[in-house]
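Open your viewer, pick a colour scheme you like, and keep the selection box at hand. We will go from stop to stop, with something to select at each one.

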Amino acid sequence: MSKTFSAKLLKWFDKHGRKDLPWQHPRSAYFVWLSEIMLQQTQVVTVIPYFQRFIERFPDVNSLAQASEDEVLRYWAGLGYYSRARNLHKAAQKIMLEFQGEFPRDLAGWQSLPGVGRSTAGAIIAQAFGEFGVILDGNVKRVLRRFYATHEADEQLWPLATKLTPQKSIIDYSQAIMDLGAMVCTRSKPKCMLCPLNQECSAYQTETVQNYPAKKQRKALPEKEKYFLLMINEKNEILLERQPSPGIWGGLWSLPSVDDLQQFPQQALEKLPSFTHTFTHFKLTLKPVKIRVSTSLQISETLPQAWILLKDLSKYALPTPIKVFLCANDL
Ligand code: SF4
């Protein structure tokens, strides 16, 4: 079965697989690692322009390690899940300091780096070095659950993924299984008629594809709300605060936020229309409030702060909803 599986997949890949992704030319360990981190939770089309800007500024692991976290986050801003960028930066520094600038060649070495789990390490080993490495990312899990018509927990899928991974053509196979999940065995409306595995796929053969993977009972997300202070001084500068790390926007610059407005004189406040932003674990209602101040007030004693002109916004890494809000508002 495993031979047929990989042979069919590789044949399909020859014709339909993605072979012109920017991190495949050249296929260096740095490019593969960076792309694998960017591709966690994010689709290829979204990643490509970020990847290209990123490697222009940080062409190698040394330049990444030397940069400030602030600058790395600026090049990541908009891609979300910012702990990925912070971990990438820490990992680059670790590679320079503890690995003398050489990328690890084995799974354990990669997994010792911040932000690199078992599947990412397997993908890097396979893609960058052409050595046996097993991938079990979200796409691959979905393919396997359908192919075997199983509701097994993630951990139980590792032996199946390992068994199906061939010893040869590992670079193409690892790309092929990811491509199949992203392009054919998609979350909704899988294109089973075009799938090279449909003859052996248990879910397809039993017409139960829609049952795999099992739908999670979606709990209503908890809701939070916060006031975001658009403070403007006499020079028409606004106040930004660097958010604490770890935290949802850790390391990014945002408007100061407070739970209530009691500390401010009501007549100085201008409430602006609220908007919501959904995170993985909660929904946040952002209630912006404009406040004109005559002096450059200190709101927080612990967070780094900057009074900036709106035209200088691009020099700071901002969370997307705050950036969109600021760009849409005249001061
Ligand atoms: S036949 Fe359909 S469900 Fe089965 S692996 Fe292919 S695309 Fe996925």
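Start inside, with the lining of the largest cavity: its residues divide into 12 nonpolar, 1 polar and 2 charged. What you have loaded is a predicted model, so every value on this tour is computed from predicted coordinates.

**Stop 1: the largest cavity**

Select R146, C185, C192, C195 and C201. Of the 15 residues that line the largest cavity, these are the closest to its centre. The space inside amounts to about 120 Å³. Now colour helix α9, residues 138-147, which gives the most to this lining, with 3 residues.

What sits in this cavity? Show the ligand, and you will find the ligand there, in the largest cavity. Then select the residues around the ligand: R146, V184, C185, C192, C195, N198, C201, Y204 and V209. Colour this shell by class and you get 7 nonpolar, 1 polar and 1 charged residue.

**Stop 2: along helix α9**

Keep α9 selected and switch on a surface for everything else. How many of the 10 residues of α9 are buried? The count is 8, so α9 is largely enclosed by the rest of the structure. To see them one by one, select V140, K141, R142, V143, L144, R145, R146 and F147, which are buried in α9. R146 in this set is also one of the residues around the ligand.

Step on past the end of the helix. α9 is followed by A149, whose phi is positive, near 45°.

**Stop 3: the second largest cavity**

A search of the whole structure finds 2 cavities of 30 Å³ or more, so there is another to visit. Select G133, I135, V140, L144, A161, L164, T165, Y173, S174 and I177, the residues that line the second largest cavity. The elements that give two or more residues to this lining are α9, α10 (154-164) and α11 (170-183). Of the elements, α11 gives the most, with 3 residues.

The space here is about 60 Å³. By class, the lining has 7 nonpolar and 3 polar residues, and no charged ones. V140 and L144 may look familiar: both are among the buried residues of α9.

**Stop 4: the second largest pocket**

Next, select G80, Y81, I248, F279 and T280. They lie nearest the centre of the second largest pocket, which is lined by 21 residues. α6 (83-98), β6 (275-278) and α13 (320-328) are the elements that give two or more residues to that lining, and α6 gives the most, with 3 residues.

About 440 Å³ of space lies in this pocket. Colour its lining by class to see 8 nonpolar, 11 polar and 2 charged residues.

Where does the pocket lie with respect to domain 1 and domain 2? Give residues 2-211 one colour and residues 223-328 another. Domain 1 and domain 2 both give residues to the lining, so the pocket lies between them.

While you are here, select G78, in the loop between α5 (69-76) and α6. G78 counts as partly exposed because its relative accessibility is 34%. Draw a distance from its C-alpha atom to that of D260: the two are separated by 28 Å, and they are 182 residues apart along the chain.

**Stop 5: backbone details**

Finish with the backbone. Most residues other than glycine have a negative phi, and most peptide bonds are trans. The selections below are worth a look with that in mind.

- H25 and P26: the peptide bond from H25 to P26 is cis, with omega near -5°. P26 lies in the loop between α1 (2-16) and α2 (29-39).
- Y212 and P213: a cis peptide bond joins this pair, with omega about -15°. You will find P213 in the loop between α12 (202-205) and β1 (223-232).
- Q41: phi is near 70°, a positive value in a residue other than glycine. Q41 is in the loop between α2 and α3 (44-57), and it counts as exposed because its relative accessibility is 61%.
- N236: phi is positive, about 65°, although N236 is not a glycine. This residue lies in the loop between β1 and β2 (238-242) and is partly exposed, with a relative accessible area of 34%.

How values were computed. Residues are numbered from 1 along each chain as its sequence is written. This is a predicted model: local features need pLDDT of at least 70, side-chain atom pairs count only at pLDDT 80 or more; totals for chains, interfaces and linings use all residues. Side-chain values use heavy atoms; hydrogens and water are left out. On a 1 Å grid over the protein atoms alone, a cavity is a set of points where a 1.4 Å probe fits but cannot get out, and a pocket is an open set with protein on both sides within 12 Å along at least five of seven lines; lining residues have an atom within 4 Å of a point. Grid points are joined across faces, edges and corners, and a volume is the space filled by probe spheres set on the points. Helices (H or I, at least four residues) and strands (E, at least two) are DSSP runs, numbered from the N terminus. Ala, Val, Leu, Ile, Met, Phe, Trp, Tyr, Cys and Pro count as nonpolar, Asp, Glu, Lys and Arg as charged, and the others, Gly among them, as polar. Domain bounds come from an automatic or database domain assignment. A residue is near a molecule or strand if one of its heavy atoms lies within 4 Å of it. A molecule sits in a cavity or pocket if more than half of its atoms lie within 2 Å of its grid points. Buried means under 20% relative accessible area, exposed over 50%, partly exposed in between (1.4 Å probe, protein chains only).
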